Amino acid sequence: MSLKEKIVICSGKIRPVAIEYLQDKVTLKSWQQRGRVPEPQWTVWLQEADALYSAGNIRIDEALLQKAPKLQVIAQASVGYDNIDVEACRAHNVKIGNTPGVLVNAVADIAYGLLIDTARGIVRGHLHTKSGLWGERKAMGLGVDLYGKTLGVVGFGDIGSAIAKRAQASGMRVIYHNRHRRLNDAALGAVYVSWEELLQSSDFIVVAVTLNPSTQGMFNEAAFAAIKDGVRFVNISRGKVVDTEALYHALKSGKVAAAGLDVTEPEPLPGDHLLLTLPNITVTPHMASATEETRDEMALVTAQNIVAALSGQPMLAQVK
Ligand code: DGY
């Protein structure tokens, strides 16, 4: 079968750059309308698909794989793949591609923005102004400096170290905790510490781990009890790494002075969720990679992963 005869289906709207790349090379079935592909259509597509371009908006598990007997590859337009049952894919001999690398700077920028917001209350200041309370700004209290403070980065991969670099530009000292110590940590100006030490020594904490059984719920009641009083807390990894209720209580009591979250549990976070009743939190809707340039690069890598896998070539990034 020629490459052009291979059928590539998409679970949601995809970027024009990916369509351009794929349309002459393969048989592309993409859903360019809002929302999910209608179920009857989706069932037919799965039956015939050689490759799935996952917009990350579906659960990919045994049930889906059963419906897709020809599937050879799933390429997801994200670095995270916690919506994919990797073991089930392995059992069905289905390769998985993702997009690490290209989103590092965009995600690190959002983390840094939230870090500054936890120190200075930028969003809170905006809401205050918008409520006509400029003249009463003293009621907002004072922020704290980043300069001279200790940032603890949990998960020191490419994104964690890009966040560290930004924090160092603000004069912060960076410590980190990771599954394994980074060999080049001295060159990165960061100091490896134990989990306990990170909790006890950090003035700010940024979470940049991947979600897996060992990181799920790692920020629980015990972790929040062990942190320094008045820590500022940022999560740009996955909502499930944090016990939402424990964070709520830590923010309410002031143990955590402020939090900035780009990811939550649940997602989407309902507008009337208890967390959003707190004055000391900023929540953005999982938008860390959402820039024009980054989303184009993620789409292109996803499309390239598909063509590579269908041609029997190594993917640009494969989940092993
Ligand atoms: C990812 O790629 O996993 C990010 O969470 C998307 O913003």
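This is a guided tour of the structure, stop by stop, with what to select at each one. The model is predicted.

**The whole chain**

Start with everything shown as a cartoon. The chain holds 11 helices and 13 strands. Turn the C-alpha trace along its principal axes, and it spans about 70 × 50 × 30 Å. How does the radius of gyration fit a compact globule? A compact globule of 320 residues would have a radius of gyration near 20 Å, and the chain has 22 Å, so the two agree.

**Two domains**

Colour residues 3-102 and 292-319 together: they make up domain 1. Give 104-283 a second colour, for domain 2. Domain 1 is written as two segments, 3-102 + 292-319. The centres of the two domains, taken over C-alpha atoms, are 32 Å apart. Their contact uses 5 residues of domain 1 and 6 residues of domain 2. On the domain 1 side, the touching residues are 1 nonpolar, 3 polar and 1 charged.

**The 6-strand sheet**

Select strands 2, 1, 3, 4, 5 and 13. They form an open sheet in the order 2-1-3-4-5-13, with mixed pairing. Which strands stand at the edges? They are strand 2 (27-29) and strand 13 (318-319). Each has a single partner strand, so one side of each is left without a neighbour in the sheet.

Now select helix 11, residues 292-310. Helix 11 packs on this sheet and touches strand 1 (7-10), strand 3 (51-54), strand 4 and strand 5. The direction of helix 11 makes about 165° with that of strand 4.

Zoom in on strand 4 (residues 73-76) and strand 5 (residues 95-97). These two pair in the parallel sense over 3 bridges. Pick A75 in the viewer: its bridge partner in strand 5 is G97.

Step back to N93, in the loop between helix 4 (86-91) and strand 5. What is the phi of N93? N93 has a positive phi of about 60°, although it is not a glycine. For background, most residues other than glycine have a negative phi.

**The 7-strand sheet**

Select strands 8, 7, 6, 9, 10, 11 and 12 next. These 7 strands form an open sheet in the order 8-7-6-9-10-11-12, and the pairing is parallel. Strand 8 (190-192) and strand 12 (281-283) are the edge strands, each pairing on one side only. From one strand to the next, the twist averages 20°.

Zoom in on strand 6 (residues 150-154) and strand 9 (residues 204-207). They pair in the parallel sense over 4 bridges. Label L151 and look across to strand 9, where its bridge partner is F204.

**Two cis peptide bonds**

Show the backbone as sticks between strand 11 (256-261) and strand 12. Where does P266 lie? P266 is in the loop between strand 11 and strand 12. The peptide bond from E265 to P266 is cis, with omega near 5°. P268 also has its place in the loop between strand 11 and strand 12. The bond from E267 to P268 is cis, with omega near -5°. In general, most peptide bonds are trans.

**The ligand**

Finish at the ligand. Which residues are around the ligand? Select S78, V79, G80, L103, H286, A288 and S289. By class, this shell has 3 nonpolar residues, 4 polar and no charged.

Definitions and conventions: Residues are numbered from 1 along each chain as its sequence is written. This is a predicted model: local features need pLDDT of at least 70, side-chain atom pairs count only at pLDDT 80 or more; totals for chains, interfaces and linings use all residues. A residue is near a molecule or strand if its C-beta atom, placed from the backbone, lies within 6 Å of it. Ala, Val, Leu, Ile, Met, Phe, Trp, Tyr, Cys and Pro count as nonpolar, Asp, Glu, Lys and Arg as charged, and the others, Gly among them, as polar. Two strands pair if DSSP finds at least two bridges between them. Axes are lines fitted to C-alpha atoms, for helices over the stretch in contact, and angles run from 0 to 180 degrees between N-to-C directions. Domain bounds come from an automatic or database domain assignment. Two residues are in contact if their C-beta atoms, placed from the backbone, lie within 7 Å. The radius of gyration is taken over C-alpha atoms; the globule rule is 2.2 Å times the number of residues to the power 0.38.
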